[in-house]
Amino acid sequence: LGSRGRAGGLAVAHVGPQIVMARDGSWQLQGCQDELDGLLKCAAPAQQERLLAAVRAEQEAEGEALRALYTTNLKRLQREGVVLTGLRATRQGQLFRSTVWRFSLPPASRSPIESSSEQSRRRSNKGATPDEAAPPAAGGGSSPLLPYHKFRASDNVLLSRFSTADESANLRSSSSGGGGAAAADTSRGWGSGSSSGEDEDSVDGLGWVVEGAVLEARRDHVLVALDRKASDRLDAQLAMPGAARVLWRLDQSVKDVTAARQKEAIVRLTSWSSGNRAQDAPPGEVLVRLVVAASSSNAPLIADQPPLWVRDPQWRDMARAALASQTNLNSSQRRAVAQAMVKSFTLWQGPPGTGKTRTLLALVCVFLATTSLPHARAAMGPLLACADTNAAADNLVQGLVA
């Protein structure tokens, strides 16, 4: 965190991109007019086409993998963890415009495909972490542990009716080597879409399917958010005669919210947030777009530009002290935070478990500590921590609270 822009006590003339103070006290990025001229005309459309193709390819690959599973029998789907069957539905509450439903196994029930060790752990409720231990179910008592599954927060799921007779038929077909009946039954979940048949709202109908999003996945239950229309349909099902006997099924879906958000962001690459002119766009938007979208050798130089507040010696002293107080960082993480503090744009990459979230939280804490300087607070503005999935945003919130 040394001083920038001076050598041997003499001012050094900047060549190329640089951040300067405007007359009104704001900052501007100068020396990038050539990149700006070609950004929306050439660079952004080319990148947009490439990124959209990548997102579509990823979705298609996920869809093909799931379709391949759904040509097999129900037992295979359960072992792969993409289906949960025999569930009870209980209204849990409201989350903004969505209704939250709790799906769990009925009391004294277990999956017929569980191993002996899973059966033993279910009886004793041992072997689970504190977060995995079954909490009391709504209305008292506790729910049996769910079998193995891959449902995670923010996953999109399909909800449909299920009967134990269907499960038994599938398991018999699997054990005898036959796949026809099983494949027909398993196809009711993924990819079947909403039913428009006459028996759509009958308890014994097989075509009733609605979509939802997983809010929480625990060892004994899954919380699913349904929009108003889907929740009303589920309420209507539960109000019908004989509904107490109805069990439910959850299937994974490839219609994930993350891909939709990615596409929306990619589409916006070819326009400025404030109109068609770069001059009207916030300087931060201009800087980030030039770094991530412009095809220019100047991109690293733009990213390395120090923000205005970094040039304040008092801010640097406070930042050094704040970084020194972050005792849970290793040497590479501490170096990453120090470098990110004096640059306008930083990208960290690394495999799972390398501490990217911990490092990001330390950077946020350092920035927050330096906002006690009034002039720094005015120059920095609000600090926004965001992520492309609900689960990742929850990790940030939990880390900041801790």
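Begin by selecting strands β5 and β10 (residues 247-252): the two pair in the antiparallel sense over 3 bridges. The model on display is a predicted one. To find one place where these strands meet, select Val 83, which stands opposite Asp 251 in β10.

Next, select the strand β6, residues 98-104, which is joined to β5 by 7 bridges and runs antiparallel to it. A pair to display here is Gln 94 with Thr 99, the latter in β6, as these two residues stand opposite each other.

Proceed to the turn of this hairpin. Between β5 and β6 there are 2 residues, and Phe 96 in the hairpin adopts a positive phi near 55°.

Now select Leu 95, which belongs to strand β5, residues 83-95. Is Leu 95 buried or exposed? Its relative accessible area is 35%, so Leu 95 counts as partly exposed, a term that covers values between 20% and 50%. Keep Leu 95 selected and add Phe 96 and Leu 215: the three residues form a nonpolar patch on the surface, and together they have about 330 Å² of accessible area.

For the final stop, move to the loop between α10 (313-324) and α11 (331-341), where Gln 326 is found. Gln 326 has a relative accessibility of 15% and therefore counts as buried, since that term applies under 20%. Which residues is Gln 326 in contact with, leaving aside its neighbours within four places in sequence? Select Arg 334, Ala 362, Cys 365 and Val 366 to display these contacts of Gln 326.

Methods. Residues numbered from 1 in each chain as written. Predicted model: local features only at pLDDT ≥ 70, side-chain atom pairs only at ≥ 80, totals over all residues. Heavy atoms only, no water. Patch = residues over 30% accessible without salt bridge, like charges linked within 9 Å, V, L, I, M, F, W, Y side chains within 5 Å. Areas by Shrake-Rupley, 256 points an atom, 1.4 Å probe, with all protein chains shown as cover. Salt bridge = Lys/Arg side-chain N within 4 Å of Asp/Glu carboxyl O. Helix = DSSP H or I, 4+ residues; strand = E, 2+ residues; numbered from the N terminus. Buried < 20%, exposed > 50% of the residue type's maximum accessible area, 1.4 Å probe, protein only. Pairing = 2+ DSSP bridges. Contact = heavy atoms within 4.5 Å.
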